[in-house]
Amino acid sequence: MRKRLKKSTKGLSSCSSPRCTDHDLCSDFIWNQEDIWTYIAKFLDGKSLAKLALTNKWFHGVIMHESVWKFACLRDLQVPDPYHVSCSWVKLYASAFDGSHSFLFRQQDKHLDWMRIGAFLFHSQEALLTDKFNLPVKIVKEKTIEKMLEACGSCLLKNIRTGIWIADLQLVRCPACNLDSCEGTMQMLDARHIELFSSEGFQDGTWEFELIGSHKIEKNVQGASAAIFDVKHLKDSQSAGIFNLNKWVGKSNDMQPKAIIAFHAVAVNTNLQKNDGILVKYYIMRAGANGDIVSIRISQQLL
């Protein structure tokens, strides 16, 4: 699992803002030019937008408008408008597309590789976490997370921060060894609210992950699977499509990780060779002691 991530004879710095000599037409002409460049901006990626904004003050004023970066962010993340964000869209775009992931900030020594899955939305504040794709028709609701995991390999979480979430698949060193030669026997579905990296509590290390539950499957497991759903949209056609494994999970001899994203859900699966089972752990990060949940991890370690 590896990250996949003509030179013009004239640089962008040679461009100049529109000018006109007719005083009566000048203001209308510039206004029309702003509309044109705003439209052109819809077809540019983030890197091109940033370069264009550095050309001169006129382009900076047009290109750095929030509406331009909001459109680019929603377009490239392929998610609907969440209607409200606390950070500027320029910062959100940067944190989503500058190659950052959660292990860049902490535990770099444990990190091996990663791939970006995509983005999804939480409209409700309730999430279903699971490592099984054969969920019962009615979700089992036990008193504790541990009992839910024991009963059905799934659990419900409340107080999820609504909005856009970014999902990555991480490959990390198993905690059972610290060998540099370890090829990695632990995968992790890592999801975070889009504003997490801009939050002071995350940047200064105040917010930390806490283990909320775990369970062992002590028998041969065909695949390491994990999924996160917005409970309100669990029965939507897109979310329900995740359970149609024939459409996205690789054939039994394909050991490359596979992932699928929906508007309100994300899932991963990696087919496994014969094994003795896996240990599944669920982690969350809160925005402060009693704050909303802003990040979720589901780790799976071979026994």
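A residue counts as buried under 20% relative accessible area, as exposed over 50%, and as partly exposed in between. By this scale D81, with a relative accessible area of 23%, is partly exposed. The model discussed here is predicted, and the account below moves from D81 and its surroundings to the overall fold, the nonpolar cores and a buried aspartate.

**D81 and the loop between α4 and α5**

D81 is placed in the loop that links α4 to α5. Beyond its neighbours up to four places away in sequence, D81 touches K70 and L74. The side chains of D81 and K70 are joined by a polar contact of 2.8 Å. The D81 side chain also reaches the backbone nitrogen of Y83, at 2.7 Å. Although D81 and L121 are 40 residues apart along the chain, their C-alpha atoms are separated by 9.3 Å.

Q78 belongs to the loop between α4 and α5 as well. Its phi is positive, about 60 degrees, although Q78 is not a glycine. Q78 counts as exposed because its relative accessibility is 63%, and exposed means over 50%.

Helix α5 covers residues 89–97, and its buried residues are W89, L92, Y93, S95 and A96. These buried residues pack against the helices α2 (46–53) and α4 (66–77) and against β1 (111–122), β4 (163–172) and β5 (186–193). After α5 comes G99, with a positive phi near 85 degrees.

**Overall fold and nonpolar cores**

The protein chain contains 8 helices and 11 strands. Of its 303 residues, 46% are buried. The chain exposes about 17,000 Å², of which carbon and sulfur atoms supply 51%.

In soluble globular proteins, nonpolar side chains tend to be buried together. The largest nonpolar core in this model has 44 residues, and L129, L157, I228 and I296 have the most contacts inside it. Strand β7 (residues 223–230) provides the largest share of this core, 5 residues. A second, separate core has 26 residues, including L52, W58, W69 and L121.

Which residues does I228 touch, not counting residues up to four places away in sequence? They are F120, F122, L128, L129, L189, A191, H264, A265, V266, I296 and I298.

**The buried residues D131 and Q300**

D131 is located in the loop between β2 (127–130) and α6 (145–152). D131 is buried yet has no salt bridge, and K132, the nearest side chain of opposite charge, is 4.5 Å away. The D131 side chain makes polar contacts with two other side chains, that of H215 at 2.7 Å and that of Y282 at 2.7 Å. Apart from its neighbours within four places in sequence, D131 is in contact with G153, H215, I217, S225, A226, V280, Y282 and Q300.

Q300 is part of strand β11 (residues 293–302). Q300 is buried because its relative accessible area is 4%, and buried means under 20%. A polar atom of the Q300 side chain lies 2.3 Å from the backbone oxygen of S225. Among the residues in contact with Q300, leaving aside its neighbours within four places in sequence, are D131, T185, M186, Q187, S225 and V280.

The polar approaches described for D81, D131 and Q300 are set out below.

| Side chain | Partner | Distance |
|---|---|---|
| D81 | K70 side chain | 2.8 Å |
| D81 | Y83 backbone nitrogen | 2.7 Å |
| D131 | H215 side chain | 2.7 Å |
| D131 | Y282 side chain | 2.7 Å |
| Q300 | S225 backbone oxygen | 2.3 Å |

**Two partly exposed residues, N159 and L211**

N159 is found in the loop between β3 (154–157) and β4. Its phi is near 65 degrees, a positive value in a residue other than glycine. N159 has 42% relative accessibility and therefore counts as partly exposed.

L211 lies in strand β6 (residues 209–217). At 46% relative accessibility, L211 counts as partly exposed. Not counting residues up to four places away in sequence, L211 touches K281, Y282 and Y283. The C-alpha atoms of L211 and Y283 are separated by 4.5 Å, although the two residues are 72 residues apart along the chain. Y282, one of the residues that L211 touches, is also the partner of D131 in a polar contact of 2.7 Å between side chains.

Methods. Residues numbered from 1 in each chain as written. Predicted model: local features only at pLDDT ≥ 70, side-chain atom pairs only at ≥ 80, totals over all residues. Heavy atoms only, no water. Core = buried A, V, L, I, M, F, W, Y, C linked by side-chain atoms within 4.5 Å. Buried < 20%, exposed > 50% of the residue type's maximum accessible area, 1.4 Å probe, protein only. Helix = DSSP H or I, 4+ residues; strand = E, 2+ residues; numbered from the N terminus. Contact = heavy atoms within 4.5 Å. Lys, Arg positive; Asp, Glu negative; His and termini not counted. Salt bridge = Lys/Arg side-chain N within 4 Å of Asp/Glu carboxyl O. Polar contact = N/O pair within 3.5 Å; in protein donor to acceptor, adjacent residues only side chain to side chain. Areas by Shrake-Rupley, 256 points an atom, 1.4 Å probe, with all protein chains shown as cover.
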